[in-house]
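Here is a short report on how the protein copies pair and how they meet DNA. Keep the viewer open while you read.

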Number of protein chains: 4
Amino acid sequence: MMEKKLGRPRSEETRKAILSAAYEMLVENGFKSITIEGISERAGVSKATIYKWWPNKAAVVLDGFFDATVSMLGIPDTGSVKEDLFIQISSLASFLTSSKGKVLLELIAEGQSDSNVAQEYRNRYFHPRRLISKAILEKAEARHELKKDLDLELLIDLLFAPLFYRLLITGEPVDPFFIERLISYVLIGSESD
Amino acid sequence: MMEKKLGRPRSEETRKAILSAAYEMLVENGFKSITIEGISERAGVSKATIYKWWPNKAAVVLDGFFDATVSMLGIPDTGSVKEDLFIQISSLASFLTSSKGKVLLELIAEGQSDSNVAQEYRNRYFHPRRLISKAILEKAEARHELKKDLDLELLIDLLFAPLFYRLLITGEPVDPFFIERLISYVLIGSESD
Amino acid sequence: MMEKKLGRPRSEETRKAILSAAYEMLVENGFKSITIEGISERAGVSKATIYKWWPNKAAVVLDGFFDATVSMLGIPDTGSVKEDLFIQISSLASFLTSSKGKVLLELIAEGQSDSNVAQEYRNRYFHPRRLISKAILEKAEARHELKKDLDLELLIDLLFAPLFYRLLITGEPVDPFFIERLISYVLIGSESD
Amino acid sequence: MMEKKLGRPRSEETRKAILSAAYEMLVENGFKSITIEGISERAGVSKATIYKWWPNKAAVVLDGFFDATVSMLGIPDTGSVKEDLFIQISSLASFLTSSKGKVLLELIAEGQSDSNVAQEYRNRYFHPRRLISKAILEKAEARHELKKDLDLELLIDLLFAPLFYRLLITGEPVDPFFIERLISYVLIGSESD
DNA sequence: TCCTAATCGAGACGGTACGTCTGGTCTTGAG
DNA sequence: CTCAAGACCAGACGTACCGTCTCGATTAGGA
């Protein structure tokens, strides 16, 4: 019934050193420039140890990223959908446009050719945040701020997709004014009365 | 005053061989698996020749891709915005979900770490298509199908962003039913009267 | 005054398992292919245990070899030097050309870069056998089969060196006919009267 | 009929740099301590280039050794077999006991587990020298210094084997006095009259 | 029966070198 | 001047063993 733990236990210190090294290098020079050899050197750790616990570069880097990006994820609750959404979307936008957020975009890029990576950022990043958005909208629904029977999933897509569209594709700026207009427009069709 | 063209002229045959080789390999195994060495071998061309005319892998591959994807780009004109948009968005969606379209997503991914690539697909792919969308909406405006003073740029973002959001990030399906709901919802706030 | 033997005593079973594993692997695939890791696995023993008792690979392997090659070493005594020598040299030759003997040649090879190894095979293999050869020759001297005041050491070198010369260097065969001629020629200059 | 020589020709400079580096390291620290990586670094050459032209470490090192050890190989001709042999054997002995000669012993060692190596030193080193010994003995035969119908091959084995036997196995010294006695004893059975 | 001390297995770890691969540059001679 | 052929450097890849190191479980004799 009990799991046996034979042999020398895995060093937590080493694990952290690897993840920090990976994350630092990620922020400094971007995903593309990272090498396992570099991580190993920076972390003062043997390459073999890295390969022992992670199958490839993407896996280490993802772990490093999410290990460092454990955030609060509080649900804003001002009493107004618009404000709640503005808070959530703004904070996402300012993260994405920071140097740390750039990394997330690179991981999304990596996910196009590595489905494990895609799986990871969906589960570890997008899914939890989507639940929050949904909670915001459901509360608003309960307060009768919104029409009944709205397609909340579509609504969420409409609220978030443009941020990534601009950052990943068109390169247009994502500023508070844009977010303001975005929320306003998307919610027009959803207001009750 | 005239530019002199001394020596052996550049071989058009060679140029085409390189671009086709690049494109074929792109469709077959994806961007990541492409190597200049592979292209050189497949095209029966020296590596040095490739480097002579393109600065790096991404440049050749982009050229190969856009060289092969010269499409019609007709402006749909059914007399109904919804239908026009449905035609344009559907055809984009079916392209993006095809094996050739997958390549575009990979190029977008590549663009996250190589701004030249980003510049290229913006200018050669997205900009022309955006003009068409704008034309559709402006015609509709002229027909008074839409309210005056709409933020057309925002509208276009809202119509296209969700496709890429789903394909690049969430992995949710992009089917005709989704497109239908998307267009409907986005246009609610824009209809005149 | 007495040595204290505190703690758990060394396991004889383990010692044997290591030596047998080493010897088997030695005969199967040769010295070069042996790894401590392999021995440890095959013997069902921890690497650390091996390093506890032997300083390096060569030491274990040597022990394994000599542990398995404890031979009779009887002194032939037919009454005739030639025959006695023929018996001894032939049996050496047939050992050296067997798969087990090949190992001895590999150990000699190893001895060129590891003086401990050289020391070991000299003391544990060659010295005892040289004493026998000397005994044979001294008996013959006592029987007046040989001249007085012969340089027995030189004689022994001349009798054995060619075997190793052929096996280690020239690759020429070492067969009974060769041994016959060898002994005959070497003893010509040594016969009394 | 003509061999075509397409492409960039192999760099002679690079080839030499590799062989010298290999040889220097061989003499300095012995065969065991040599690494391809070390040679590559010392020669200022890419590892890939080394692997392009030589299949493994032994091959490079052998080439380096024989490239550096191109010797005169004159046939001594004093008119006396004993003296001729003494000259040849002495010069071999002093080579073998020098730091450069130690390398040859290490190559012989390597040859025990790599038959290509064995083949090489037989063809490139031992065979030519054996021909000289034979020439010396044949001249002596022609001068009637030696008996007719002697087994010259055996004679040569007896003259050279003890040197290697002592150096490779017993560790006994190989000095002029020993060589003197060796030659004298071996030739006793061969003198005419 | 408990205590003390050494041995042992399992296996993590920092290293070093392996032999391979690709990117990008350079050198030749033919066209 | 262009091109094919192909040699070359740089540097990361992922693997294999090395020899060292915990950790917990065993196994003796002595208290």
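How many salt bridges are there between chain B and chain A? The count is six. This comes from a predicted model. One of the salt bridges joins K32(B) to E110(A), with the closest N and O atoms 3.1 Å apart.

**The contact of chains A and B**

Polar contacts add to the picture. Across the interface of chain B and chain A, 20 residue pairs are in polar contact, counting pairs with both residues at pLDDT 80 or more. On the chain B side, α6 (99-111), α7 (115-142), α8 (152-170) and α9 (176-188) each supply at least two residues. Which of these elements gives the most to that side? It is α8(B), with 14 residues. The side of chain B that touches chain A holds 22 nonpolar, six polar and 10 charged residues.

The contact takes 38 residues from chain B and 38 residues from chain A. Together the two chains bury about 3,400 Å². Carbon and sulfur atoms carry 62% of that area.

**How the copies are related**

Two copies of a chain are related by a rotation about an axis and a shift along it. For chains A and B, the turn is 180° and the shift along the axis is 0.0 Å. Chain B then lies on chain A with an RMSD of 0.2 Å. The two copies are thus related as by a two-fold rotation axis. Which residue of chain B comes closest to that axis? A109(B) does, with its C-alpha at 2.0 Å. The interface residues of chain B are, to 100%, also interface residues in chain A, so the copies meet through the same surface.

Now chains C and D. A rotation of 180°, with 0.0 Å of shift along its axis, superposes chain D on chain C at an RMSD of 0.2 Å. Of the residues of chain D, A109(D) comes closest to the rotation axis, its C-alpha being 2.0 Å away. The same surface serves both copies here, since 100% of the contact residues of chain D recur in chain C.

**The surface near DNA strand E**

There are 44 residues around DNA strand E. S11(A), K52(A), K47(B), K52(C) and Y51(D) come nearest. Sugar and phosphate make up 63% of the strand E atoms that come within 4 Å of the protein.

Several helices line this surface. α3 (47-53) of chain A, of chain B, of chain C and of chain D each supply at least two residues. α2 (36-43) of chain B and α2 (36-43) of chain D do so as well. The largest share, four residues, comes from α3(A). By residue class, the surface near strand E divides into 16 nonpolar, 15 polar and 13 charged.

The table lists polar atoms of the protein that lie by phosphate oxygens of DNA strand E.

| Residue | Polar atom | Distance to a phosphate oxygen of DNA strand E |
|---|---|---|
| W53(A) | side chain | 2.6 Å |
| Y51(B) | side chain | 3.2 Å |
| G44(C) | backbone | 3.4 Å |

W53(A) and Y51(B) each use a side-chain atom. G44(C) uses a backbone atom.

Methods. Residues are numbered from 1 along each chain as its sequence is written. Chains are lettered from A and ligands numbered from 1 in the order in which they are written. This is a predicted model: local features need pLDDT of at least 70, side-chain atom pairs count only at pLDDT 80 or more; totals for chains, interfaces and linings use all residues. Side-chain values use heavy atoms; hydrogens and water are left out. Copies are superposed by least squares on the C-alpha atoms of residues with pLDDT of at least 70 in both. Contact means heavy atoms within 4.5 Å. A residue is near a molecule or strand if one of its heavy atoms lies within 4 Å of it. A polar contact is a pair of N or O atoms within 3.5 Å; within protein, one must be able to donate a hydrogen and the other to accept it, and residues adjacent in sequence count only if both atoms are side-chain atoms. Ala, Val, Leu, Ile, Met, Phe, Trp, Tyr, Cys and Pro count as nonpolar, Asp, Glu, Lys and Arg as charged, and the others, Gly among them, as polar. Buried area is the accessible area (1.4 Å probe) that two parts lose on being put together, summed over both. A salt bridge is a side-chain nitrogen of Lys or Arg within 4 Å of a carboxyl oxygen of Asp or Glu.
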